[in-house]
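Here is a short briefing to read alongside the model. It goes from the overall layout to confidence, then to cysteines, a pocket and a few single residues.

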Amino acid sequence: MTATFYLEHYLDSLEHLPTELRRNFNLMRDLDTRAQSLMKDIDKLADDYLKTMKKESNEKKKEQLDRIQNLFNKAREYGDDKVQLAIQTYELVDKHIRRLDSDLSRFEAEIQDKAINSNRAKEESGASKKGRKKLKEKEKRKRGTASSEDEANKGARKKQKKGASVVSTTGATTGSGSQGDSSTLSHPADVLDMPVDPNEPTYCVCNQVSYGEMIGCDNPDCGIEWFHFACVGLIIKPKGKWFCPKCTQDRKKK
């Protein structure tokens with residue numbers, strides 16, 4: 001495949017990327033706006049509570065605190081959704097970067113194969129020319145030997161006709177033929193896989209790089225932090241705090 005084909009194929013894959021990025025950025029901006037609005041409401045309710053806490057009854061105080069807590073939980077959900085969108089956006093761009101690296105590697109491998117095949121063809125062509133030249137030289141030597149033998153035989157026959165001393169001539173005819181063994185060097189083509197950056201961090205209990213939907217453990221001391229949904233048995237993001245299996249066991253032990 002030519003460089004033009006790789007370029008056109010890659011540009012086709014980028015056709016929908018701007019639209020997807022724009023959609024994700026708009027959603028993140030909308031979630032951020034909602035979260036900021038809720039935080040303003042929380043600040044206002046908190047100020048009202050502090051001003052009237054001495055006058056209000058315990059039930060009224062509890063009702064106001066519950067309302068503030070609910071608004072805070074909602075704002076945190078908006079923040080979590082915003083983080084998930086940011087992760088998805090990163091993975092979307094990273095996927096195209098990896099595809100570009102893979103196409104470049106395959107293109108470089110094809111160039112190397114063509115260079116090897118070209119050199120091999122030149123070597124075979126040179127060897128073939130040398131072989132033909134040697135065969136021609138052998139044929140010339142054969143013709144020269146045959147001509148000298150014919151001349152000797154003719155001279156002997158002429159002497160016999162003139163009644164001179166009888167000369168017995170024996171013609172030794174030699175023929176030789178050789179075939180050159182041709183060896184062909186075999187150079188296997190280098191096949192380069194989808195490069196994966198060895199410095200890219202790994203996550204989850206599967207110790208793999210980030211992909212798909214992931215969830216973070218709410219334990220600040222968690223040694224892994226991020227997990228793939230499928231690896232921890234999740235389909236949708238749970239509400240409230242979430243702890244990974246290991247941290248959950250540790251909390252039960254405490």
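**Layout and lead points**

The chain folds into four helices and two strands as its secondary structure. This is a predicted model, and following the sequence from its start gives the order α-α-α-β-β-α. There are zero disulfides in the structure, and the second largest pocket holds about 260 Å³ of space.

**Overall packing**

- Of the 254 residues in the chain, 19% are buried.
- Taking contacts between residues at least 6 apart in sequence, 62% of them join residues at least 24 apart.
- One pair that is separated in sequence is R29 and K82: they are 53 residues apart along the chain, and their C-alpha atoms are 8.4 Å apart in space.
- R29 sits in helix α2, which covers residues 17-52.
- Why does R29 count as exposed? Its relative accessibility is 51%, and the cut-off for exposed is over 50%.

**How far to trust the coordinates**

- Mean pLDDT for the chain is 76, with 73% of the residues at 70 or more.
- Which elements mark the two ends of the confidence range? Helix α1 (residues 3-13) has the lowest mean pLDDT of the elements, at 71, while strand β2 (residues 226-228) has the highest, at 93.
- Please take care with residues 156-194, where pLDDT stays under 50. The model gives this stretch 23 contacts beyond four places in sequence.
- Where pLDDT is low, the predicted coordinates should not be read in detail.

**Cysteines without a disulfide**

- A disulfide is a covalent bond that links the sulfur atoms of two cysteines.
- How far is the sulfur of C204 from the closest cysteine sulfur? The distance is 3.6 Å, to C231, and that is too far for a bond, because the cut-off is within 2.5 Å.
- C206 also has C231 as the residue with the closest cysteine sulfur, here at 3.8 Å, so this pair is too far apart for a bond as well.
- Is C204 buried or exposed? C204 is buried, because its relative accessible area is 5% and buried means under 20%.
- C206 is partly exposed, with 26% relative accessible area.

**Backbone in the loop between α3 and β1**

- Most residues other than glycine have a negative phi.
- C204 lies in the loop between α3 and β1, and its phi is positive, near 65 degrees, although C204 is not a glycine.
- N207 is placed in the loop between α3 and β1. N207 is not a glycine either, and its phi is positive at about 55 degrees.

**The second largest pocket**

- Fourteen residues, written as 14 in the count, line the second largest pocket, and D80, I215, G216, D218 and K237 lie nearest its centre.
- Two or more lining residues come from each of α3 (58-161) and β1 (214-216).
- Which element gives the most to this lining? The answer is α3, with four residues.
- Sorted by class, the lining has six nonpolar, three polar and five charged residues.

**To take away**

- When you look at the model, keep the stretch 156-194 apart from the rest of your reading, since its pLDDT stays under 50.

Notes
Residues are numbered from 1 along each chain as its sequence is written. This is a predicted model: local features need pLDDT of at least 70, side-chain atom pairs count only at pLDDT 80 or more; totals for chains, interfaces and linings use all residues. Side-chain values use heavy atoms; hydrogens and water are left out. Buried means under 20% relative accessible area, exposed over 50%, partly exposed in between (1.4 Å probe, protein chains only). On a 1 Å grid over the protein atoms alone, a cavity is a set of points where a 1.4 Å probe fits but cannot get out, and a pocket is an open set with protein on both sides within 12 Å along at least five of seven lines; lining residues have an atom within 4 Å of a point. Grid points are joined across faces, edges and corners, and a volume is the space filled by probe spheres set on the points. Ala, Val, Leu, Ile, Met, Phe, Trp, Tyr, Cys and Pro count as nonpolar, Asp, Glu, Lys and Arg as charged, and the others, Gly among them, as polar. pLDDT is the predictor's confidence in each residue, from 0 to 100. Contact means heavy atoms within 4.5 Å.
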